[in-house]
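Here are some exercises to work through with the model in view. Try each task first, then follow the solution step by step.

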Amino acid sequence: YRHDNFEPSEHLALAISPNNYDKVINLDINDERVIKYLKCETINVNEFNLEGYCLICVNNYPLGFGLIKNGIFKNKYPANYRLK
């Protein structure tokens with residue numbers, strides 16, 4: 001919990017099945033947004049029509065969580081895992 005709000009962790013993302021979470025963004029491995037996510041950049045996800053914490057997956061394999069507001073996915077990927 002952070003500031004009395006639930007904030008999902010990277011460990012939870014890697015342990016959970018996408019079928020067990022109601023807000024999932026599933027990208028194809030060839031989607032350019034995958035690399036942007038791994039670099040901890042924000043990505044546009046308007047087409048998913050989601051808000052709040054979402055699980056991001058690649059070909060149904062979970063990568064982590066991010067926070068979506070107004071169609072923009074703000075990355076919660078741990079700093080020590082990021083691509084440079």
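The exercises below go from confidence to the sheet, its turns, the cores and the charged pairs.

**Before you start**

This is a predicted model, in which local features need pLDDT of at least 70 and side-chain atom pairs count only at pLDDT 80 or more, while totals for chains, interfaces and linings use all residues. Residues are numbered from 1 along each chain as its sequence is written, and side-chain values use heavy atoms, with hydrogens and water left out.

**Exercise 1. Find where confidence is lowest and where it is highest in the chain.**

Step 1. Recall the scale: pLDDT is the predictor's confidence in each residue, from 0 to 100. For the chain the mean is 89, and 95% of the residues reach 70 or more.

Step 2. Compare the elements. Helices (H or I, at least four residues) and strands (E, at least two) are DSSP runs, numbered from the N terminus. Helix 1 (residues 10-15) has the lowest confidence, with a mean of 88, and strand 1 has the highest, at 97.

**Exercise 2. Work out the order of the strands in the sheet, and say which strands stand at the edges.**

Step 1. Use the pairing rule: two strands pair if DSSP finds at least two bridges between them. Strands of a sheet pair through backbone hydrogen bonds, either parallel or antiparallel.

Step 2. Go through some of the pairs. Strand 3 and strand 4 run antiparallel and are joined by seven bridges; here Val58 stands opposite Tyr61. Strand 4 and strand 5 are also antiparallel, with four bridges, and Ile68 faces Phe73 across this pair. Strand 2 pairs with strand 5 (residues 72-75) in the antiparallel sense over two bridges, where Ile43 has Phe73 as its bridge partner.

Step 3. Put the order together: the five strands form an open sheet, 1-3-4-5-2, with mixed pairing. Strand 1 and strand 2 (43-44) are at the edges; each has a single partner strand, so one side of each is left without a neighbour in the sheet.

**Exercise 3. Look for residues other than glycine with a positive phi.**

Step 1. Keep the usual case in mind: most residues other than glycine have a negative phi.

Step 2. Look at the loop between strand 3 and strand 4, which holds Asn59 and Asn60. Phi is near 50 degrees for Asn59 and near 70 degrees for Asn60. Asn59 is partly exposed, at 34% relative accessibility; the classes are buried for under 20% relative accessible area, exposed for over 50%, and partly exposed in between (1.4 Å probe, protein chains only).

Step 3. Move to the hairpin of strand 4 and strand 5, which has two residues between the strands. In its turn, Asn70 has a positive phi of about 55 degrees.

**Exercise 4. Which elements each supply at least two residues of the largest nonpolar core?**

Step 1. Start with the rule: a nonpolar core is a set of buried Ala, Val, Leu, Ile, Met, Phe, Trp, Tyr and Cys residues joined through side-chain atoms within 4.5 Å. The largest one has 15 residues, and Ile25, Tyr37, Ile56, Ile68 and Phe73 have the most contacts inside it.

Step 2. Place it on the chain: strand 1 (24-27), helix 2 (32-38), strand 3 (52-58) and strand 4 (61-69) each supply at least two of its residues.

Step 3. Set the other core aside. It lies apart from the largest one and has five residues, among them Ile16, Leu55, Cys57 and Phe65.

**Exercise 5. Trace the network that salt bridges form by sharing partners.**

Step 1. Apply the cut-off: a salt bridge is a side-chain nitrogen of Lys or Arg within 4 Å of a carboxyl oxygen of Asp or Glu. The structure holds two of them.

Step 2. Begin at Arg33, which is buried at 14% relative accessibility. Arg33 forms a salt bridge with Asp31, with 2.8 Å between the closest N and O atoms. Arg33 also meets Glu47 in a salt bridge (2.8 Å, N to O).

Step 3. Compare the positions: Glu47 is in the loop between strand 2 and strand 3, Arg33 is in helix 2, and the two are 14 residues apart. Glu47 is partly exposed, at 48%.

Step 4. Join the pieces: Asp31, Arg33 and Glu47 make one network through shared partners.
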